[in-house]
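Student: I have a model on the screen and would like to learn how to read it. Can we go feature by feature?

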Amino acid sequence: MNEKNNWIKEFNQPLAIAGPCSAESEKQMMEIAERIDKTLVQVFRAGIWKPRTKPNCFEGVGAIGLNWLKKVKDEFGFKIATEVANANHVKLALDYDVDYLWIGARSTVNPFTVQEIAEALRDTEKVVLVKNPVNPDLDLWIGAIERLQGQNIQKLGAIHRGFSTYKKTKYRNNPQWQIALDFMDKMPDVPMICDPSHICGNREGIFEVSQQAYNFEYDGLMIETHNHPDEAWSDAKQQITPERLTEILRKIELRKSDDEDALYHMNLARLRNEIDENDQSILESIAQRMSISNKIGELKKEHNVAVFQPERWKQIRENSVKQGEKLGLSEEFIDKLIRAIHQESIQHQNLIMNKKNHLQSE
Ligand code: PEP
Ligand code: MN
């Protein structure tokens, strides 16, 4: 097995991969490459073949874009990176001497696809990066790395781009940091790169997510960067200008892991993150409970039933205390908690009643 960061150590600073979501034209690629700070970014990315959720969207310029990527490499000295999703993409990317090939989130979910790509890359000296699968499944992510290792591919890395959720959250793809941290524990020799662009889905959150990644001692970042972000042909909302990228990369604070104090801060950051993720899901569950309660309010109104039902409250309280006991939570605490939640529900239902009464009386 490789020593950690074997290939990534080539850079004496964290790895930064930047460039557009999609290659659009030679002019666009050259302008972005020109404006990116070469002292902060080592690898230029561009999607050539784009996996789009729905048909009839821009699906990438195709092989012609590899010429532009190669030109960026030759003229500006960047290493170059693109996504590959089948054996033919691999062949073309290798023909054009692409340095970093990554497997996209929609491909990592499919073992047949990963196997096909791994076999096409057998024995390669190139760096191969695996994005997390769109669904929160650690084994699928690790399994993809193992398929590549099975084909004697040594220079591997992981990209954390967050996970799909049906419910809208403040993220486009919920980071669920714990999954990436577990990946790092299980595969400590595989460098971890954060992709804040696909996690956030907007420009505003990119600095914060990037800083969080470095607090967890990630090895690098991949950030979508465009000369005219608002006019980008894909993922326009989340792309930033090369100048903004420079600002972000300069502002991020790096943590060093070589002393006890740093280890303490790292462990604290991990645990606080777990707490934050828990608090978020508690609040989301409460909000969901209120929306169910609102529906009950509508039903009660239709059937002319009083909002407060003492029997029902008694039953809710008893059930919760019983459940709480099994979970090691005191009766006093459960009583306060469930009373507060029930009270809020009743207020919601009262509002529904009053609103309708008001309309009826008009
Ligand atoms: C991309 O990097 O442009 C991309 C398509 O990412 P993902 O596979 O994370 O959706
Ligand atoms: Mn994108």
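Student: How much space lies in the largest pocket?

Tutor: The model is a predicted one. Its largest pocket holds about 750 Å³ of space. A pocket is read through its lining, and here 31 residues line it. Closest to the centre are Thr-53, Arg-106, Arg-172, Asn-173 and Asp-235.

Student: How many residues of that lining are nonpolar, polar and charged?

Tutor: The lining divides into 13 charged, 10 polar and eight nonpolar residues.

Student: Next, the interior. Which residues have the most contacts inside the largest nonpolar core?

Tutor: A nonpolar core is built from buried residues, and buried means under 20% relative accessible area. The largest core here has 70 residues, and those with the most contacts inside it are Val-41, Phe-44, Leu-69, Phe-183 and Tyr-218. Another core, of 14 residues, lies apart from it. Trp-7, Leu-15, Val-43 and Ile-159 are among its residues.

Student: Take Leu-69. What is it in contact with, leaving aside its neighbours within four places in sequence?

Tutor: Leu-69 is in contact with Met-29, Phe-44, Ala-46, Ile-48, Ile-80, Ala-81, Thr-82 and Val-98. Phe-44 is also among the residues with the most contacts inside the largest core.

Student: How many disulfides does the structure hold?

Tutor: Zero. The way to check is by sulfur-to-sulfur distance, since a disulfide needs the two atoms within 2.5 Å. For Cys-57, the closest cysteine sulfur is in Cys-21, 12 Å away, so the gap is too far for a bond. Cys-200 is in no disulfide either, as the nearest cysteine sulfur, that of Cys-194, is 8.1 Å away.

Student: Is Cys-57 buried or partly exposed? And is Cys-200 buried or exposed?

Tutor: Cys-57 has 34% relative accessibility and counts as partly exposed. Cys-200 has a relative accessible area of 5%, so it is buried.

Student: What about the chain as a whole? How many helices and strands are there?

Tutor: The protein chain has 13 helices and eight strands. Its C-alpha trace spans about 75 × 55 × 40 Å along the principal axes. Of its 362 residues, 48% are buried. To read the fold, look at how far apart in sequence the contacting residues are. Among contacts with a separation of 6 or more, 73% join residues 24 or more positions apart.

Student: Can we go through a single residue in the same manner? Where is the place of Thr-113?

Tutor: Thr-113 is in helix α5, residues 111-120. With a relative accessible area of 16%, Thr-113 falls under the 20% cut-off and so is buried. Beyond its neighbours within four places in sequence, Thr-113 is in contact with Ala-85 and Ser-107. Sequence and space can also be set side by side: Thr-113 and Phe-163 are 50 residues apart in sequence, with 19 Å between their C-alpha atoms.

Student: Last, the backbone angles. Which residue has a positive phi of about 40° although it is not a glycine?

Tutor: Gln-176 has that angle. Place it in the chain next: Gln-176 lies in the loop between β6 (156-160) and α7 (177-186). At 23% relative accessibility, Gln-176 is partly exposed. Glu-217 is another non-glycine residue with a positive phi, of about 60°.

Student: Where does Glu-217 lie?

Tutor: Glu-217 lies in the loop between α9 (206-215) and β8 (220-224). Its relative accessible area is 22%, so Glu-217 counts as partly exposed.

Methods:
Residues are numbered from 1 along each chain as its sequence is written. Chains are lettered from A and ligands numbered from 1 in the order in which they are written. This is a predicted model: local features need pLDDT of at least 70, side-chain atom pairs count only at pLDDT 80 or more; totals for chains, interfaces and linings use all residues. Side-chain values use heavy atoms; hydrogens and water are left out. On a 1 Å grid over the protein atoms alone, a cavity is a set of points where a 1.4 Å probe fits but cannot get out, and a pocket is an open set with protein on both sides within 12 Å along at least five of seven lines; lining residues have an atom within 4 Å of a point. Grid points are joined across faces, edges and corners, and a volume is the space filled by probe spheres set on the points. Ala, Val, Leu, Ile, Met, Phe, Trp, Tyr, Cys and Pro count as nonpolar, Asp, Glu, Lys and Arg as charged, and the others, Gly among them, as polar. A nonpolar core is a set of buried Ala, Val, Leu, Ile, Met, Phe, Trp, Tyr and Cys residues joined through side-chain atoms within 4.5 Å. Buried means under 20% relative accessible area, exposed over 50%, partly exposed in between (1.4 Å probe, protein chains only). Contact means heavy atoms within 4.5 Å. Helices (H or I, at least four residues) and strands (E, at least two) are DSSP runs, numbered from the N terminus.
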